[in-house]
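Visitor: I'd like to learn how to read the pockets, cavities and ligand sites of a model. Could you walk me through one, feature by feature?

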Amino acid sequence: MSDKFSKILEPIKIGTVEIKNRIAMAPMGILGLTNPDGSLNKRGIDYYVERARGGTGLIITGVFKVENEIDAMISGTPLISPAALTPFAELAEAVHAFGSKIFVQLTIGFGRVGHPMMLRKQPVSASAIPNYWDPRVTCRELKTEEVEEIVKKAAEAAVICRMADIDGVEIHAVHEGYLLDQFTIAFFNRRTDKYGGDLMGRLRFPIEIVKAIKKAVGEDFPVALRFSVKSFIKDWNQGGLPGEDFVEKGRDVEEGLKAAKILEAAGYDAFDADGGSYDAWYWAHPPTYQEHGLYLPLIEKLKKVVKVPVIVAGRMELPELAEKVLEEGTADMIGIGRGLLADPYWVNKVEEDRPEDILPCTGCHDGCLGRIFLGRPLSCAVNPAVGRESDYRLEPANKPKNVMCIGGGVAGLEAARVAAIRGHKVTLYEKSNTLGGHLIEVSVPKFKEDYKRLLDWYKLQLKKLNVDIKLDTEVS
Ligand SMILES: Cc1cc2nc3c(=O)[nH]c(=O)nc-3n(C[C@H](O)[C@H](O)[C@H](O)COP(=O)(O)O)c2cc1C
Ligand code: SF4
C-alpha cells in the first residue's frame with residue numbers, strides 16, 4: 001500500500017454508499033458495446049469489469065437513455081428498458097466482487113446536440129432552436145406533458161437500476177449542452193410554461209427528476225449530477241478559448257454556483273463537475289493542447305458552495321496531480337476517463353507504488369471519441385483491447401520462440417512488448433541510435449509532453465521485460 005498516494009486510496013461516501021478509494025471512472029459513451037435493444041452486451045460488461053479489476057473505486061457508466069421515443073435515436077443507442085435489468089445485474093455482481101461500486105449514468109436526452117446520423121425523428125429541445133450539427137434543422141419544442149413524461153421515465157429507469165443492485169445513478173446532464181442543460185440555459189430556453197423563465201423555472205426539470213427518483217427508489221439511493229459550472233459559449237457553435245475575454249452566452253460561473261446550491265438542496269448527492277459545452281468542445285473534451293486539471297479553477301469555486309462530494313475529471317490521470325488536488329481539498333474524488341481507457345489498472349499501480357508503469361493517455365481522441373462519429377466501436381490509440389477485453393487478453397504463448405522486431409518506432413516497441421509479455425525471447429533492432437521513431441519529434445513541444453511520457457513508458461517496459469535492444473543496427 002502506497003504512502004505517497006494515501007489520499008487517493010482513502011474511502012469516501014456518496015450518500016449512503018461507501019467507495020473504497022477516491023477514483024471514479026468518468027462516464028464515457030460505449031458505442032458498439034450494447035445489444036440492438038440498448039442493453040449492455042457481454043463486451044460492455046467485460047469492459048467495465050476490467051476497470052473494477054484494476055482497482056477503480058467507483059465505475060460510472062456512459063450514458064443510457066431513459067426513453068427513446070420523444071428524443072428518438074437509432075436502435076442500439078444505450079437505453080434503459082426491462083431488457084437492461086439482467087446485464088446490469090450481472091455487471092453489478094461482478095463489479096462488487098472486486099469491492100468496487102457502480103453508478104449508471106441516465107441521460108435525459110440529447111436534444112439539440114443529437115447527431116442527424118443517430119436521430120430517428122426531428123430533434124427536440126427546450127425551444128425551437130437550431131440543431132448543433134446541422135443548423136438548417138430546427139428542433140421541435142417539447143410539450144409540457146412530454147417533459148413530465150421524461151421525468152416519469154427517469155424514475156422508472158432508476159427503479160430498474162436499483163432492482164439490478166446498481167449502487168446509484170448519475171443524471172446526465174446539466175452539462176455540455178445536452179437536452180437537460182438546454183432547459184437550464186437561458187440562451188436555449190425561451191419557454192413560457194413552468195419549465196422556462198427565471199433560474200428556478202429553468203432548473204425545474206432537473207429538480208423534478210431527482211425528487212421523482214428519490215420518491216420511486218428511496219432517499220438512500222444516491223443520485224449524482226453531471227454538471228458544468230460554466231458553458232464557455234461565445235455564440236451558436238462558437239466556444240471561448242482559454243484566456244480569451246468574451247461574453248458568456250451560456251451558464252456563467254455566477255449562475256453555475258447559484259444553480260449548484262439549488263440543485264444540492266433539491267436532493268442531488270454529488271456533483272460530477274466540469275466545464276464546456278458542444279459549442280465549446282475544446283473544454284468539454286479536452287485535447288492534448290489543454291492543461292492537465294483544466295477544470296480545477298472552476299471546481300475550487302464549486303467546492304466552496306456545496307457540501308456534497310465533488311468529482312472532477314479533465315486530464316486528471318497524473319497520480320501526483322490527483323493526490324495533490326485531494327490533499328488540498330479542491331475536490332473529493334478524481335474522475336478519470338480516457339486515462340482508464342488507456343490503462344484499466346491505474347489504481348492498482350498507484351496502490352503498488354509504481355505509477356511509472358501506468359500507460360499514459362496522450363489526449364489524442366483518435367481511438368475513443370473520434371471513432372464515435374465514424375460509427376466505430378469504442379477503442380483507444382494506445383490500448384486496442386478496450387471493449388475487447390476477453391478477445392485481446394494477452395495469454396502466454398504455447399511455445400516460446402525467438403522473436404525479431406525490426407524498427408524501434410511505436411509499432412516496433414508495441415510488438416516487442418506484447419511478444420515479450422507472451423513469453424517470447426525478443427530482440428528489437430533499430431537502425432538509428434535511439435528508440436521512438438516519430439514519437440521523438442512529436443514529443444518535442446511542451447503541449448505534447450504526454451507523447452514523451454508514452455515513449456519513456458515503452459523504454460521502461462521493454463527494460464523490465466528484458467527485451468534485447470540493438471541500436472545502430474540495420475537489418476538487411
Ligand atoms: C469517448 C468518450 C465518451 C464520453 N461520453 C460521456 C458520457 O457518456 N457522459 C458524460 O457525462 N461524459 C462523457 N465523456 C466525457 C468524460 O466523462 C470526461 O469528462 C472527459 O473525457 C474528460 O476527462 P478525461 O480527461 O479524464 O478523459 C466522454 C468522453 C470520451 C472520451
Ligand atoms: S484514444 Fe487517445 S485520448 Fe482516447 S484514451 Fe486512447 S490515448 Fe487517450
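Guide: Happy to. Keep in mind that this is a predicted model. Let's begin with the second largest pocket: 24 residues line it, and Tyr-345, Asn-383, Leu-394, Arg-417 and Ile-421 are the ones nearest its centre.

Visitor: Which elements give two or more residues to that lining?

Guide: Two helices do: α13 (410–421) and α15 (449–464). The top contributor is α13, with 4 residues.

Visitor: What is the volume of the second largest pocket, and how does its lining divide by class?

Guide: Its volume comes to about 640 Å³. As for the lining, count 13 nonpolar, 2 polar and 9 charged residues.

Visitor: Now cavities. How many of 30 Å³ or more does a search of the whole structure find?

Guide: Just 1. The largest cavity holds about 100 Å³ of space. Its lining has 13 residues, and those closest to the centre are Cys-361, Cys-364, Cys-368, Cys-380 and Ala-381. By class, that lining splits into 8 nonpolar, 4 polar and 1 charged.

Visitor: What takes up the space of the largest cavity?

Guide: Ligand 2 does. A cavity is worked out on the protein atoms alone, so it pays to ask what the model places there. Around ligand 2 you'll find Arg-338, Leu-341 and Val-382, as well as the run Cys-361, Thr-362, Gly-363, Cys-364 and His-365, then Gly-367, Cys-368, Cys-380 and Ala-381. Cys-361, Cys-364, Cys-368, Cys-380 and Ala-381, which we met at the cavity centre, are among them.

Visitor: And how does the shell around ligand 2 divide by class?

Guide: It has 7 nonpolar, 4 polar and 1 charged residues. When you read that, remember that Cys counts as nonpolar here and Gly as polar.

Visitor: Let's turn to ligand 1. Which residues around it come nearest?

Guide: With a ligand shell, start from the nearest residues and then look for polar pairs. Ligand 1 has 19 residues around it, with Pro-27, Gln-105, Arg-315, Gly-337 and Arg-338 the nearest. Arg-338 also appears in the list around ligand 2.

Visitor: Which atoms of Gln-105, Arg-315 and Gly-337 pair up with ligand 1: side chain or backbone?

Guide: You get both kinds. Gln-105 uses a polar side-chain atom, 2.8 Å from a nitrogen atom of ligand 1. Arg-315 instead brings a backbone N or O atom to 2.7 Å from an oxygen atom of the ligand, and a backbone N or O atom of Gly-337 lies 2.8 Å from an oxygen atom too. Taken alone, ligand 1 exposes 600 Å², of which the protein buries 97%.

Visitor: How does the shell of ligand 1 divide by class?

Guide: There are 8 nonpolar, 8 polar and 3 charged residues in it.

Visitor: Last topic, backbone geometry. Where is there a cis peptide bond?

Guide: Look at omega for this one. His-172 and Ala-173 are joined by a cis peptide bond, with omega about 5°. Ala-173 sits in strand β8 (residues 168–174).

Visitor: And what about phi of Asp-165?

Guide: Phi of Asp-165 is near 70°, a positive value in a residue other than glycine. To place Asp-165, go to the loop between α3 (144–163) and β8.

Conventions. Residues are numbered from 1 along each chain as its sequence is written. Chains are lettered from A and ligands numbered from 1 in the order in which they are written. This is a predicted model: local features need pLDDT of at least 70, side-chain atom pairs count only at pLDDT 80 or more; totals for chains, interfaces and linings use all residues. Side-chain values use heavy atoms; hydrogens and water are left out. A residue is near a molecule or strand if one of its heavy atoms lies within 4 Å of it. A polar contact is a pair of N or O atoms within 3.5 Å; within protein, one must be able to donate a hydrogen and the other to accept it, and residues adjacent in sequence count only if both atoms are side-chain atoms. Accessible areas come from the Shrake-Rupley method with a 1.4 Å probe; for residues, only the protein chains shown count as cover. On a 1 Å grid over the protein atoms alone, a cavity is a set of points where a 1.4 Å probe fits but cannot get out, and a pocket is an open set with protein on both sides within 12 Å along at least five of seven lines; lining residues have an atom within 4 Å of a point. Grid points are joined across faces, edges and corners, and a volume is the space filled by probe spheres set on the points. A molecule sits in a cavity or pocket if more than half of its atoms lie within 2 Å of its grid points.
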